[in-house]
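Thank you all for coming. I would like to take a few minutes to walk through the charged pairs in a structure that may be new to you, so please have it in view as I speak.

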Amino acid sequence: MVTASQRFLSLDVFRGLTVAAMILVNNPGSWEYVYAPLEHAKWHGCTPTDLVFPFFLFAVGNAMSFAMKKYAEAGNAAVIRKILTRTLLIFCIGLLLNWFPFVKWADGQLVMKPLSSLRILGVFPRIALCYGAAAFIVHYLKDKGAFVMACIILLTYWFVLIAFGTGDPYSLEGYAGLPLDKLILGENHMYKGEGVPFDPEGILSTFPAICNVIFGYLAGKFIQEKGKTYEMLARLMIMGCILIFAALCWDMVFPINKKIWTSSYVLYTVGIALLLLSILMYIVEFRGLTRWTTFFTVFGKNPLFIYVLSGVVVKLYLLIRPVPGQNMYSWLYQNVFQPIGGNMVGSFLFALFHVCAFAAIGYWMDKKKIYVRV
């Protein structure tokens, strides 16, 4: 991505903005006190927070559009090996992050976290699977074939939910992916944040998420081919508007929903991503206003590493107990940030502090030319 960063700084900014937003929405001081835009939609619908993860997958596709050309020059066997290695590595990082810090508090003492309750899927495993699938699709089907495959996936997913769902096929209870996850993963290895075993990064909903990467790749290829022209910018914005309109129309029969990653949600998030990227490109590439970009580019140059590091730090907070019965996470919020701004503002300041802290780490890494590639 060195060449991409030099030619299109806005792509680094987009990627960095996404990572910063992921850290912001994942780390409020208290989950009881969160501003509405920083919360996920309860079920149907889409908040600004619901845009963050699909934006990251879109950014993965953008980066892939630059890397795939280098892969192709190495030969088919090398491409397969590279894609499989990167997919497996990211997936394993996700598993380790789910298990970390490997111990937990039980009855006042630390005990090993059992593998029997390890969550298998999640954000990083989904990134891995979507990257791997999209990379193979692009490699073997090329650009037009990848676009057609993405359309087939989105329509097939809609059909599968209707054909195999029960009752309301777009509800948690009637969702066709739920019994599939229970069968293959097992309830002990699924997310239980909804109060019942249900994985928002489940097996079936991973298929439409692949399309976010494919569309990100196609957008990156289009930007490279057209270069810094107003025609490119206008067409990106028009396509973004078309996708948002199509998504809102589709929403009337196939609701926009992040937790089951509906096809309308894919079009909606890709459309907004195209509009945001267009705005960033106009500001950065066409107007040359770049002084403000450093804060975000330091995230964009080490995106996976900084995101993993943020997860590690938070999990250590939850493990460390400065006083009996209270972990470091809640202690910091209650003793540092809540006294400053109260419940809501203090909770937001806690999250914002951590965004700035990881920006500082990213800035130091950039100055030292330390770039962790997966």
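Let me begin with Lys228, which is partly exposed, its relative accessible area being 45%. Please keep in mind throughout that this is a predicted model. The side chain of Lys228 meets that of Glu285 in a salt bridge, at 3.3 Å from N to O. Because Glu285 belongs to helix α9, residues 263-286, while Lys228 sits in the loop between α7 and α8 (230-251), this pair ties together parts that are 57 residues apart in sequence. Unlike Lys228, which is partly exposed, Glu285 counts as buried, because its relative accessibility is 16% and the cut-off for buried is under 20%.

I now turn to a second group, in which Arg119, Asp199, Glu201 and Lys258 are joined into one network by salt bridges that share partners. Within this group, Arg119 forms a salt bridge with Asp199, and the closest N and O atoms are 2.6 Å apart. That pair links distant parts of the chain, 80 residues apart, with Arg119 in the loop between β2 (109-112) and α5 (123-164) and Asp199 in the loop between α6 (177-184) and α7 (203-226). Arg119 counts as buried at 18% relative accessibility, and Asp199 counts as buried at 1%.

Arg119 also forms a salt bridge with Glu201, where the closest N and O atoms are 2.7 Å apart. Since Glu201 lies in the loop between α6 and α7 and Arg119 in the loop between β2 and α5, the parts tied together here are 82 residues apart in sequence. Both Glu201 and Arg119 are buried.

How many salt bridges does a search of the whole structure find? The search finds eleven.

Technical notes: Residues numbered from 1 in each chain as written. Predicted model: local features only at pLDDT ≥ 70, side-chain atom pairs only at ≥ 80, totals over all residues. Heavy atoms only, no water. Salt bridge = Lys/Arg side-chain N within 4 Å of Asp/Glu carboxyl O. Helix = DSSP H or I, 4+ residues; strand = E, 2+ residues; numbered from the N terminus. Buried < 20%, exposed > 50% of the residue type's maximum accessible area, 1.4 Å probe, protein only.
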